[in-house]
Amino acid sequence: MSALRRISTRRLLMICALSLAVVIGAAAVALAATGGSGPKPPPKPLANAVQDALNAPEVPGISARIDFTNNLVDASSIQGADPLLAGASGRLWASPEEGGKLRLELQSEVGVGGGDSQVLVSGHKFTIYDGSSETVYEGTLPEEEGQGEGNESVPGLGEIETEIGKAEKHAEISGATPSDVAGQPTYTVRVAPKHDGGLLGGAELSWDANNGVPLRAAIYSSESSSPVIQLEATDVSFESIPASVFEVSPPAGAKVVNLNPEKEMGDQHGKPQEIVGQQAVSAAVDFQLDAPSSLAGLPQNEVRAIEVDGKSAALATYGEGLGGIAVIESKSEPGQGQEEAPGGVSLPKVSINGTQGEELDTALGTVLRFSRGGVDYIVVGSVPPAAAEAAARAL
């Protein structure tokens, strides 16, 4: 948490955008199988298409040229923003060897070489290099229970149909739509929230019909038919990847930031301590808690104590689902104020009852931060700026 709070706005935006690339690449390693090419595949029920993808044999490796679309934020509104916020193209390599390896290189479409970035994943460890700031971010991906035990089995068709049915209670799920990506026959599925989706319109995933390898992933907002973020292969081959491809290191002297989460404090049994409820949280924090019963027309959902940068803090949530709003409060550092982020990045300013705040408006939501009365506030939600500002002014 402390590392994330010290990251500049530009770098944090880059990590958010590249996180999708890490997830997609990891999925490609997990689902890798033999190759194939051709027109659109024949129609097939979603459950059957999913089972076939899971049953496909493992491919020796993947090499692809990719396009990265990034319409998450308007880069022109952020002074000093990274060129990669406008999109990028690059290469991807993946191998199932040694627990799965991935290398992703992205070159800015703006033509600024200093904005190039690279993602490396080896097993559960990942490294993200931001060339524009010469910074390396290192971390560990979460490990699923039972993963790596060698006893994983592909679920049967009935089980897959049951799980799809459960998911359809909360989301609209399309069938396996025949499509074509990078000259390969693919199936595409779209998932959209049924309610309380905020600004999230839906997500799409396309995988190779012959081998189950993901070739395209995209996220859409509720206000546009164009993808907000998309990673798509434009040319792909399935072949063994030399180990040397993954043996790359960032330039000497690059700054290293550790993104691994700090260990939580626990009780005598090692279980994380939970302080929930407005009265209990108010007694636990070292500042005046502000958690009204409703905010911007949304009822209070929960108030809990959290830790931010080693200090006590509070998280209050309002509403349900992705359409809700969260407020993080913590005690201000003496003389801290609102500093300009490293690298010259400056967010648009907004007035909150006479106090100057900073606002990040994205296609999927809004983040607003300000300080008042010795308390730092962060208001975040998959809502338009007007809703976030109304919530901030009601505090």
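Strands here are DSSP runs of E, at least two residues long, numbered from the N terminus. With that settled, here's a quick tour of a predicted model. The main stops are an open sheet of 8 strands, a helix whose buried residues pack against several of those strands, and a small salt-bridge network made by R190, E204 and R216. A nonpolar patch and the surroundings of T234 round things off.

**The open sheet**

- The sheet has 8 strands, in the order β14-β15-β16-β17-β21-β20-β19-β18, and the pairing is antiparallel.
- β14 and β18 are its edge strands, each pairing on one side only.
- Between β19 and β20 there are 5 bridges, again in the antiparallel sense.
- Looking at individual residues, T362 sits opposite G365 in β20.

**Two hairpins around β16**

- β15 covers residues 298-308 and β16 covers residues 311-318; the two run antiparallel and are joined by 8 bridges.
- If you want to check the register, E302 has T317 in β16 as its bridge partner.
- β15 and β16 make a hairpin with 2 residues between them, and D309 in the turn has a positive phi of about 55 degrees.
- β16 also pairs with β17 (residues 325-331), over 6 antiparallel bridges.
- Here the register can be read from A314, whose bridge partner in β17 is E329.
- The hairpin of β16 and β17 has 6 residues between the strands, and G319 takes a positive phi near 80 degrees in it.

**Helix α6 and what it packs on**

- α6 spans residues 385-393, and its buried residues are P385, A388, E389, A391 and A392.
- Seen down the helix axis, the buried residues of α6 fall within an arc of 160 degrees, so they line one face of the helix.
- That buried set packs against β14 (294-295), β17, β18 (349-352), β19 (355-362), β20 (365-372) and β21.

**Salt bridges**

- Side chains of opposite charge can pair when their charged atoms come close.
- Across the whole structure, a search turns up 12 salt bridges.
- One of them links R190 and E204, with the closest N and O atoms 3.0 Å apart.
- R190 is in β9 (residues 184-193) and E204 is in β10 (residues 200-208), so this pair ties together parts that are 14 residues apart in sequence.
- E204 also meets R216 in a salt bridge, at 2.9 Å from N to O.
- R216 belongs to β11 (residues 214-221) while E204 lies in β10, so this second pair ties together parts that are 12 residues apart in sequence.
- How covered are these residues? R190 is partly exposed at 28% relative accessibility, E204 counts as buried at 17%, and R216 counts as buried at 10%.
- Back in β15 and β16 territory, R304 forms a salt bridge with E302, the closest N and O atoms being 3.0 Å apart.
- Both ends of that pair are partly exposed: R304 has a relative accessible area of 21%, and E302 has one of 29%.
- As for linked bridges, R190, E204 and R216 form one network through shared partners.

**A nonpolar patch on the surface**

- V367, I378 and V380 make a nonpolar surface patch of about 170 Å².
- V380 is placed in β21 (residues 375-381).
- With a relative accessible area of 31%, V380 is partly exposed; patch residues need over 30%, so V380 meets that cut-off.

**Around T234**

- T234 is found in β12, which runs over residues 227-238.
- At 40% relative accessibility, T234 counts as partly exposed.
- Which residues does T234 contact, leaving aside its neighbours within four places in sequence? They are R65, I66, D67 and A182.
- T234 and G183 are 51 residues apart in sequence, yet their C-alpha atoms are 7.9 Å apart in space.

Definitions and conventions:
Residues are numbered from 1 along each chain as its sequence is written. This is a predicted model: local features need pLDDT of at least 70, side-chain atom pairs count only at pLDDT 80 or more; totals for chains, interfaces and linings use all residues. Side-chain values use heavy atoms; hydrogens and water are left out. Two strands pair if DSSP finds at least two bridges between them. Helices (H or I, at least four residues) and strands (E, at least two) are DSSP runs, numbered from the N terminus. Patches are made of residues with over 30% relative accessible area and no salt bridge: like charges are joined within 9 Å, nonpolar side chains (Val, Leu, Ile, Met, Phe, Trp, Tyr) within 5 Å. Accessible areas come from the Shrake-Rupley method with a 1.4 Å probe; for residues, only the protein chains shown count as cover. A salt bridge is a side-chain nitrogen of Lys or Arg within 4 Å of a carboxyl oxygen of Asp or Glu. Buried means under 20% relative accessible area, exposed over 50%, partly exposed in between (1.4 Å probe, protein chains only). The arc is that of the directions from the helix axis to the C-beta atoms. Contact means heavy atoms within 4.5 Å.
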